[in-house]
Each structure stands twice: as C-alpha cells, then as structure tokens.
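Me: I am new to this structure and would be grateful for a close look at a single part of it, the largest cavity. Please describe its lining with care, and then place it within the rest of the chain.

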Amino acid sequence: MTVLGVVLTVFCSQVCSALLPVSGLYGDTVALPCDGSSYRHIPEEKKIVLWETADRRVLEFYSGQIHTYPGFENRAELSRERMRDGDFSLILHKVTFSDQDIYECRFVDDNSDRKFLGDVKLTVLGHEDNISLSWGDPLSVPLRTQQAVELWFRPEGGGSRRLCSVLDSTVTPDSSRLKVQDQVLKISSVRAEDGGTYTVQDSQGTPISTVHVTVGARSEVLTLQSGDSLTLPLHTAAPVKVLFDPAGSAQSPRVLLSSAGLPGPGYEQRVWVQDGSLTLRSLTPADQGSYTVRDLQGNTISTAIVTVTGGEMRRVSWLGIVLVITAIVAVLMGAALGAVVCQRRWKMREERNMIPAESNNINIHKENGILEGSEKFSDAVSLRMEEDDGIGSEIVPVVNQSASVPSGSSSPSVTAGIPLGTVIVKDPEQKTDSGYPSEEDDGEQPPAGEEESTVQELSGGSTPADPEDQSSLEEPLLSDGGDQ
C-alpha cells in the first residue's frame, strides 16, 4: 500500500467513523447529535455554534441568540438547557425529503477558528401504515403537509390509479366521499372494493405516506328480549341481500331481504328497510341465529349473532296467569256450592229444632244388630228415627199405650240398617206447625196397608194382613212385665 493510500485510510476512518446516520419520518421531528462537552465551561454569551451543510447554512448560535437561515425558519433550534451541559444537538421539526443531507457541527473560538465537532447524515422516510377496517368505517389517510400532493390507489391484485390531487384542503376532482380536514384525507363508508394501498406523493413523486387497507366484514353479538326489534345497518346504499341462519338448524339460510329489496317469504309483515337499516320486529326465540348482509358480488358486509331471551319466561307467566284464574274460579264455585249446602243444612237444622207438640223422645241403642229401647206413651203415635247428623225419617207407626222393640220377639222391630240416634214419638193428629207434616196435609189418612208396608219393609219380616194380626202385635206392648 502506498503512502497516499495509508493517509486516505486513516482520514476516512476518522471522518467516516464520525459520520452518524439519523433517519426520520416525513413531517416528524428529529435530533441531530453534536457533542460539545469540551466547551461547556465557556459562558453562554461567548459561545458560538454553527450548523451547516455543504452548500447552505442551517443555524447559528452567538451572543446567546439563535439565528436560522432560509428553508429552516421556525423549524430549527438548539436546547439552551442542554447547551449548558455541552450538548449542541440540532433539532429539526417537520422534516421533508428536501432536508436529506449531511449536516456538520462546529464551534467557533475566540480566534475565529472553526472547530469541527461532528457530522450527521439525515435520511427522511415516508410513513407506512397497515389498517384493518370494517364495512362502513371511515378511512383516514394523513397528508402530512400543506403542499400540493397526489393520492394514488392500487387495489389488491390491480394496477395503481390516481384518485385525486389535494391543495389547500381542496380535492380535485370533487367527490362526496372525499374530504380534507387537518391535513388528513378522509374517505367515508369504505367497502370491500376500497381495500388496497393508498399512497400520498409530493410534487416530485416521492411517497410521503403509504397506507395498506384491509376491509373486512363487521361482526357483532347481540342479546335481545322477546318482543324487541332487531336493527341491522346495511352500511351501503347499493342493493344487498340479507340471510338468516337459525341457530341449531341444518337447513339452508333463509332469505330475510332479497337483492330486489323485498322481504323474504314469511317475513312480509315483519321486515322493512329505512334510512339504510333493516328492521325485524317482534322477535321470538325462533329468531335466534346468524344474520348476514352481503353485496351483489357475494362479499360479506356484516354478520350479527343474535340471542333472544325471555320467551320461555313469558310463556311461563301466561301459564301462571291461567292457573291463577282457574284457581280463582274454582274457589268461587266452591264457595257458591258451600253456601248452597250450608243454606240447606241450616234449613234442615231449623226444621229439626221445631219439636212437635206433646211428643216424646225414645232413646234407642243398638245391640246385636237390633235397635232396642222402650217408652210408654198414650194414644196412637208413630216412631221417627233421627240420625246423629240431624236427618230424620219415619220408621214405624205405633198404636195404644206403649212401644217396645224387644230383641228376638215376633213384634215389629227396627233392623240394624237404621243409624244410631233418637226415635221421636209423634202424634199422627198433629198439624204441620209441629214441624212434621201429618197425613192430613195430603187431604186424607194413608191406608193402614201403607203403614204395615213400612213396618214390613224396615223390619224385613212379614206384615199381618188383617186386624186380628194387628192386635196380636199390640198385645206384648200392653204387657208391663213382658220380656224385653
């Protein structure tokens, strides 16, 4: 290696090693470092710091003041606090592609000697973002400058095309979907065909900002009450098709709204479209499932998973109401029936309490299947059996002095089929005001044969057919000392 080569190698190693690479994004703020710690002891008013490139000055600090040069007004500065510690770094705001260069930092001493402190290579890059959007969302593309720019769009799998140019918030050509605000270009209500790459270029065609956009279907999960209405935004003014896939069903999805904008079969009275939204009213548990909105190209715009609650509870509530009403009706009917029964029993008790005049009570007890008892009385009478519940019935007519019902005798007897109670002796001649209607109420006395038939029926034996047999029956009744 020659002597010149050695000198160049040493020089390059010193200079190149001092060259610091710094990169920044277009429109951002960057700091170009410079170490001036060896001059930090010098008072601020005596410090002189100079930043420049090969062909232009950027900034000069002297007498405690900062002076900027054309192209860097209001964009270049030094930190006074850091300068006290010997940090002479240059701060550049809103960097542009024209700021790309090599910047040198120098210190000027009292002898006007310019001491080299270091140099920095600045690279300015364009912004690049990846954005995922859903149908109907707005897209924001930062312009990052007030200078004239152009917006280019390249769809997935297609070639680039110029969408518009922007200058002073004016979009050319004008579009209802494009609007500029605060150096941001906004595109409203993106669709599937809006997915792709958007590039903002300056007047030299250098990319300032690049945005990769993916547009997917919207997805949401809704829980509604039975009887509510479901509202599905269509997210586009173009014709769409809405399908419903019932939960747990293996059948093909049902058409809720056709591409012609008409309700599907069975939904004519429940579906309508208004203000860019579809409404399905009067939900039931059968409306649970997945609702899908698609454009005419088959792209899925949105999907909603809907759960409907409260239907079973409402059915149970109606069943409860029916049961309560049924119970109330049953209680009212029972009360009415009870009132009728009570009224009848009360009337029967009143009749029972009306004791006939000059009547005797014969207490009869039951033994060996035969009702036994005796009581003396005068005149012709009849026996009436009154049960414990107050219901009475005529059992046997008796004539003359006394009535006796001996056990095992041939006399008329009362069988065990008669409940235990009290036998009331009644005078056949009594009128209805005694509480027991007499035979005269019917206008005539019942024939003796009827009385005998009653005795025969109750006793289970035979009844004498002539008066002599009747006398033989009365004979034991007139005996005071007969066996019971």
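**The lining of the largest cavity**

Reply: In this predicted model, the residues that line the largest cavity divide into four nonpolar, two polar and two charged. The lining is made up of R218, E220, L232, Y291, V293, S302, T303 and A304. Three elements each give two or more residues to this lining: β19 (218-225), β25 (289-295) and β26 (300-309). Of these elements, β26 gives the most, with three residues.

The names can be sorted by class. R218 and E220 are the charged residues of the lining, and S302 and T303 are the polar ones. L232, Y291, V293 and A304 make up the nonpolar group.

As to size, the volume of the largest cavity is about 40 Å³. The structure holds one cavity of 30 Å³ or more. In general terms, empty space of this kind is revealed by rolling a probe the size of a water molecule over the atoms.

The chain around this cavity may now be considered. It has 484 residues, of which 33% count as buried. Five helices and 34 strands are found in the chain. Among the contacts with a separation of 6 or more, 58% are between residues 24 or more positions apart. The chain exposes about 28,600 Å², and 52% of that area is supplied by carbon and sulfur atoms.

Some details of the backbone also deserve attention. Most residues other than glycine have a negative phi, and most peptide bonds are trans. Against that background, three places may be pointed out.

The peptide bond that joins T172 and P173 is cis, with omega at about -5°. P173 belongs to the loop between β14 (170-172) and β15 (178-181).

S169 is not a glycine, yet its phi is positive, at about 65°. The position of S169 is in the loop between β13 (161-167) and β14.

S112 likewise has a positive phi, near 65°, and is a residue other than glycine. S112 sits in the loop between β8 (101-108) and β9 (114-125). S112 counts as exposed because its relative accessibility is 55%, and the exposed class begins over 50%.

To return to the part requested, the largest cavity is lined by residues that include R218, L232 and A304, and β26 is the element that gives the most to that lining.

Key. Residues numbered from 1 in each chain as written. Predicted model: local features only at pLDDT ≥ 70, side-chain atom pairs only at ≥ 80, totals over all residues. Heavy atoms only, no water. Helix = DSSP H or I, 4+ residues; strand = E, 2+ residues; numbered from the N terminus. Buried < 20%, exposed > 50% of the residue type's maximum accessible area, 1.4 Å probe, protein only. Contact = heavy atoms within 4.5 Å. Areas by Shrake-Rupley, 256 points an atom, 1.4 Å probe, with all protein chains shown as cover. 1 Å grid on protein atoms, 1.4 Å probe; cavity = no way out; pocket = protein on both sides within 12 Å on 5 of 7 lines; lining within 4 Å. Points joined across faces, edges and corners; volume = space filled by probe spheres on them.
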